[in-house]
Amino acid sequence: MLYPAVRPLLFRLEAERAHRLVFGALVACEQLLARRTRPLRAWTHPALAQELWSISFPNPVGLAAGFDKDARAPHVWPLLGFGFAELGTITAVAQPGNAPPRLFRLPRDAALINRLGFNNAGAAAVAARLAHLFHTAPPGIPIGINIGKSRVTPLDQAAGDYVSSLRHLFSFAAYVVINVSSPNTPGLRDLQAEDQLAALLDVLTTENAALAQAQQRPPRPLLIKVAPDLADDALAAVVQVARKNGAAGLVATNTTIRRDGLSTPIDEAGGLSGAPLRARATAVIRTLHRHAGAALPIIGVGGIFTAHDAYAKIRAGASLVQIYTGMIYEGPLLARRIAAGLVDLLRADGFTHLRQAVGRDA
Ligand SMILES: Cc1cc2nc3c(=O)[nH]c(=O)nc-3n(C[C@H](O)[C@H](O)[C@H](O)COP(=O)(O)O)c2cc1C
């Protein structure tokens with residue numbers, strides 16, 4: 001493999017600079033791939049292909065939100081083996097994010113801390129880009145769109161901000177994630193509280209139905225992305241509100257503000273991701289699945305570096321998984337390796353399909 005040779009060079013660069021460098025290469029690929037009339041077929045296997053929310057997922061390993069915040073490389077993700085990709089977080093108003101440095105590697109902990117703060121071009125600009133990139137053919141995998149609150153919008157006007165993004169991006173999304181769990185936008189995580197979440201979902205499901213009718217297409221499944229720092233009773237409340245107010249699923253989890261057990265002495269604000277998040281994210285998935293059952297399929301994310309990690313999330317209750325930090329440490333072909341590894345792990349447990357393993361450990 002090439003990546004073990006390249007990684008030390010990338011890790012010598014400042015973290016965000018390394019990301020920009022790698023991303024530049026991916027965007028160059030995107031220019032070529034977007035012109036193809038027949039999109040690339042994603043890596044798939046009969047034991048892994050599944051239909052959720054009436055969407056066909058060729059395999060369950062997705063790109064987590066935050067890697068392609070501005071939707072600049074949507075056709076590249078199936079090439080790397082991903083079965084779906086979540087673009088964003090996108091906000092209604094374009095914003096630069098927090099001042100750098102704002103992304104930190106913790107190699108000894110196989111982790112990252114980021115406080116990027118939703119740097120993105122804004123929903124209108126991203127919609128224009130997607131219209132251009134999808135013009136010849138959309139990518140051959142489901143594309144999720146993750147939306148968040150603009151920093152300039154007061155918390156009590158958050159719903160209007162999310163609605164504006166939904167209007168711009170509805171037609172490009174297979175599913176939409178309502179991000180109420182980033183630690184880097186002041187007050188955002190308060191929107192996970194029962195009343196606030198119910199009100200937000202109410203407005204968004206109404207708008208979703210209106211857009212569906214206007215465009216003569218089905219409404220998009222709306223998923224809620226939750227923080228790993230919620231207590232179990234708060235997670236139970238999220239499930240209840242989600243079910244009652246028309247959400248279709250959950251994404252668990254976002255980054256954590258906790259710093260338990262790190263061996264790197266670091267005092268930087270932001271969200272921690274990667275290996276130290278792994279166990280907590282799995283526990284959150286287990287709790288959510290216990291309360292939600294099959295009613296709210298879960299996308300499991302947090303510290304997945306291997307097929308075993310992904311399989312643990314699935315057995316805890318995730319129907320799909322996503323990776324971000326694992327890819328920084330293990331390289332761009334990690335998704336494909338994990339998908340292939342899952343087939344072996346399922347077979348070893350006597351399952352013929354992924355769905356038989358979902359929630360086995362819950
Ligand atoms: C640099 C960075 C930026 C991120 N940006 C976003 C974001 O914009 N929206 C979001 O919902 N999650 C964002 N995340 C969180 C990831 O999607 C994921 O939930 C989290 O990192 C846990 O997965 P991991 O351990 O595989 O990285 C970001 C994570 C990282 C490391």
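In the predicted model described here, Phe118 is found in the loop that runs between strand 6 and helix 4, the latter spanning residues 123-133. The backbone of Phe118 has a phi near 55 degrees, which is a positive value in a residue other than glycine. Phe118 is also buried, because its relative accessible area of 4% falls under the 20% that marks the limit for this class. A comparable description applies to Ala71, which has its place in the loop between strand 3 (61-63) and helix 3 (76-79). Phi of Ala71 is likewise positive, near 55 degrees, in a residue other than glycine, and Ala71 is buried with a relative accessible area of 0%.

Two cis peptide bonds can be described in the backbone. One of them joins Gly88 and Thr89, with an omega of about 10 degrees, and Thr89 is found in strand 4. Another is the bond from Pro100 to Pro101, where omega is near 0 degrees; Pro101 lies in the loop that links strand 4 with strand 5 (103-106).

Thr89 leads on to the ligand, since this residue belongs to the group that comes nearest to the ligand, together with Ala65, Lys69, Gly303 and Thr325, out of the 25 residues around it. Several elements contribute to these surroundings, for strand 4 (84-90), strand 6 (111-114) and strand 11 (271-274) each supply at least two residues of the shell around the ligand. The ligand itself sits in the largest cavity. Polar atoms of the protein approach its oxygen atoms from both side chain and backbone. In the side chain of Lys69, an N or O atom is 2.8 Å from an oxygen atom of the ligand. From the backbone, an N or O atom of Gly274 lies 2.9 Å from an oxygen atom of the ligand, while a polar backbone atom of Gly303 is 2.7 Å from an oxygen atom of the ligand. On its own the ligand has 600 Å² of accessible area, and the protein covers 98% of this.

Asn184 has its place in the loop between strand 8 (175-179) and helix 6 (194-215). With a relative accessible area of 10%, Asn184 is buried, because this value is under the 20% limit. A polar atom of its side chain lies 3.1 Å from the backbone oxygen of Asn114. When residues up to four places away in sequence are not counted, Asn184 touches Asn98, Asn114, Arg115, Leu116, Gly117, Arg151, Gly270 and Gly271.

Two exposed residues provide a contrast with these buried positions. Thr206 is placed in helix 6 and is exposed, because its relative accessible area of 52% is over the 50% required for that description. The side chain of Thr206 reaches the backbone oxygen of Asp202 at 2.8 Å. In an α-helix there are 3.6 residues a turn, so residues three or four places apart point the same way. Thr206 can also be related to a part of the chain further along the sequence, as the C-alpha atoms of Thr206 and Gly246, 40 residues apart along the chain, are separated by 9.4 Å. Arg35, in the loop between helix 2 (15-33) and strand 1 (50-52), is exposed as well, with a relative accessible area of 60%. Between the C-alpha atoms of Arg35 and Phe134, which are 99 residues apart along the chain, the separation is 9.1 Å.

Helix 9, which comprises residues 307-316, is largely enclosed by the rest of the structure, because 8 of its 10 residues are buried. These buried residues are Ala307, Asp309, Ala310, Tyr311, Lys313, Ile314, Arg315 and Ala316, a list in which charged residues such as Asp309, Lys313 and Arg315 appear beside alanines. The elements against which the buried residues of helix 9 pack are helix 8 (278-292), strand 12 (298-301), strand 13 (318-323) and helix 11 (334-348). At the start of helix 9, a side-chain oxygen of Thr306 reaches to within 3.3 Å of the backbone nitrogen of His308. Just after the helix, Gly317 takes a positive phi of about 140 degrees.

Terms used
Residues numbered from 1 in each chain as written. Predicted model: local features only at pLDDT ≥ 70, side-chain atom pairs only at ≥ 80, totals over all residues. Heavy atoms only, no water. Buried < 20%, exposed > 50% of the residue type's maximum accessible area, 1.4 Å probe, protein only. Helix = DSSP H or I, 4+ residues; strand = E, 2+ residues; numbered from the N terminus. Contact = heavy atoms within 4.5 Å. Polar contact = N/O pair within 3.5 Å; in protein donor to acceptor, adjacent residues only side chain to side chain. Near = heavy atom within 4 Å. Areas by Shrake-Rupley, 256 points an atom, 1.4 Å probe, with all protein chains shown as cover. 1 Å grid on protein atoms, 1.4 Å probe; cavity = no way out; pocket = protein on both sides within 12 Å on 5 of 7 lines; lining within 4 Å. Sits in = over half its atoms within 2 Å of the grid points.
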